[in-house]
Protein chains: 2
Amino acid sequence: MAEAPARRQTRQRTAVAEALEAQGEFRSAQEIYDIVRQRGDSVGLTTVYRALQAMADDGQVDVIVRGDGEAVYRQCSPSHHHHLVCRSCRSTVEIDAPDVERWAADVASQHGFRDVTHTVEVFGVCARCAD
Amino acid sequence: MAEAPARRQTRQRTAVAEALEAQGEFRSAQEIYDIVRQRGDSVGLTTVYRALQAMADDGQVDVIVRGDGEAVYRQCSPSHHHHLVCRSCRSTVEIDAPDVERWAADVASQHGFRDVTHTVEVFGVCARCAD
DNA sequence: TTCGTATTGACAATCATATTCATTTAAGGC
DNA sequence: GCCTTAAATGAATATGATTGTCAATACGAA
Ligand SMILES: [Mn+2]
Ligand SMILES: [Mn+2]
Ligand SMILES: [Zn+2]
Ligand SMILES: [Zn+2]
């Protein structure tokens, strides 16, 4: 049914992965691009976009599409989870919500929906930013 | 603390509201723009964007920012709720999830977050679209 | 090493949305 | 109804993230 994508290990993808790893928080493609260049690696912006998307497809990073439409990426633990994000400083907390997972699957199947996915993000202002 | 926005009733906003009401499903600003014009009303695209954003601010419509970054709007029941959306035909089911509401508020306050909001959307393929 | 193809990247193109700013108009007080 | 004023409008322009193109390059299997 599905073919192995067969990703190749390149200098560029390694650089993007390392930049993501060093950051910890959500960053946009443009930000990752800057970080990579500051580290001395030369990677094209287009390639940064493609690398991030590939990693997202492979589940190596989490993606959030912010309200302004910009996508932000973060290296994440491999298991499915959600995020508590500070609107001010963007710091994030990974959260587990088995109950919510179950609820999403249930409510969808009750309405006859197949192939179910979901997005759950909680936003607020973290204690530090609240002054 | 907060000033009354003092929205004015204009021909254009009425047209946008009616178009939304007639649709029922989520529509983008561009789509609403086309619908309004097909109905014979003349409204600028800029105004459609601003009207939709104002209505969203006022809680009269729900907004979802899709994966591609485009925002879609829908006239909604006034109370807070979430959606089960068909990826194929875009039909939506409004869903209530008091448990999820409570969970979101709890997990946020446990981490010291204030001013909490959340997004919860469930996606799938509806029974009709599944063939 | 060789070869096929995945990957790269400079550049142009898209396209949703924001900004500008001169003009129009709703709404409250008279 | 008339005035006044700030809100609203919209055409044009700008913005800015993301995508498409395509020739050049480099993994990695054999
Ligand atoms: Mn989940
Ligand atoms: Mn709704
Ligand atoms: Zn913060
Ligand atoms: Zn459907």
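**Close-up views of two metal sites, a shared sheet and two DNA strands**

**View 1. The manganese ion (ligand 2) and its donors in chain B.** Along the chain, the donors of the manganese ion (ligand 2) are spaced as D-x13-C-x4-H-x1-H. This is a predicted model in which local features need pLDDT of at least 70 and side-chain atom pairs count only at pLDDT 80 or more, while totals for chains, interfaces and linings use all residues. Residues are numbered from 1 along each chain as its sequence is written, chains are lettered from A and ligands numbered from 1 in the order in which they are written, and side-chain values use heavy atoms, with hydrogens and water left out. The four coordinating residues are B:Asp62 (OD), B:Cys76 (SG), B:His81 (NE2) and B:His83 (NE2), at 1.9 to 2.2 Å. Donors here are N, O and S atoms within 2.8 Å of the metal (3.2 Å for Na, K and Ca); water is not among the atoms, so sites may look incomplete. Both B:Cys76 and B:His81 are buried (under 20% relative accessible area; exposed is over 50% and partly exposed in between, with a 1.4 Å probe and protein chains only).

**View 2. The manganese ion (ligand 1) and its donors in chain A.** Here the coordinating residues are A:His80 (NE2), A:His82 (NE2), A:Glu101 (OE) and A:His118 (NE2), at 1.6 to 2.3 Å. Their spacing along the chain reads H-x1-H-x18-E-x16-H. Distant parts of the chain are linked by the pair A:Glu101, in helix 4 of chain A, and A:His118, in strand 6 of chain A, 17 residues apart. Helices (H or I, at least four residues) and strands (E, at least two) are DSSP runs, numbered from the N terminus. A:Glu101 is partly exposed because its relative accessible area is 24%. A:His118 has 18% relative accessibility and therefore counts as buried.

**View 3. A six-stranded sheet built from both chains.** Follow the strands of this open sheet in the order 5(A)-4(A)-6(A)-6(B)-4(B)-5(B), with mixed pairing. At the edges are strand 5 (92–95) of chain A and strand 5 (92–95) of chain B, each pairing on one side only. On average, neighbouring strands of the sheet are turned by 20° against each other, direction ignored. Where the chains meet in this sheet, strand 6 (residues 114–125) of chain A and strand 6 (residues 114–125) of chain B pair in the antiparallel sense over nine bridges. Strands pair if DSSP finds at least two bridges between them. One such bridge puts A:Thr119 opposite B:Glu121 in strand 6 of chain B.

**View 4. Helix 4 of each chain across the sheet.** Helix 4 (residues 98–110) of chain A lies across strand 4 (82–86) and strand 6 of chain A, together with strand 4 (82–86), strand 5 and strand 6 of chain B. This helix runs at about 135° to strand 6 of chain A. Axes are lines fitted to C-alpha atoms, for helices over the stretch in contact (heavy atoms within 4.5 Å), and angles run from 0 to 180 degrees between N-to-C directions. Helix 4 (residues 98–110) of chain B lies across strand 4, strand 5 and strand 6 of chain A, together with strand 4 and strand 6 of chain B, at about 135° to strand 6 of chain B. A:Ala105 is a residue of helix 4 of chain A, and is partly exposed because its relative accessible area is 40%. The C-alpha atoms of A:Ala105 and A:Val116 are 6.8 Å apart, with the two residues eleven apart along the chain.

**View 5. DNA strand D and the residues around it.** Among 23 residues around DNA strand D, the nearest are A:Gln53, B:Thr10, B:Arg13, B:Thr47 and B:Arg50. A residue is near a molecule or strand if one of its heavy atoms lies within 4 Å of it. The side chain of A:Gln53 has an N or O atom 2.4 Å from a phosphate oxygen of DNA strand D. Helix 3 of chain A gives the most to the surface near this DNA strand, with four residues.

**View 6. DNA strand C and the residues around it.** A:Thr10, A:Thr47, A:Arg50, B:Gln9 and B:Gln53 come nearest of the 22 residues around DNA strand C. Look for A:Arg8, with a polar side-chain atom 3.1 Å from a base nitrogen of DNA strand C. Helix 3 of chain B supplies the largest share of the surface near DNA strand C, four residues.

Methods. Polar contact = N/O pair within 3.5 Å; in protein donor to acceptor, adjacent residues only side chain to side chain.
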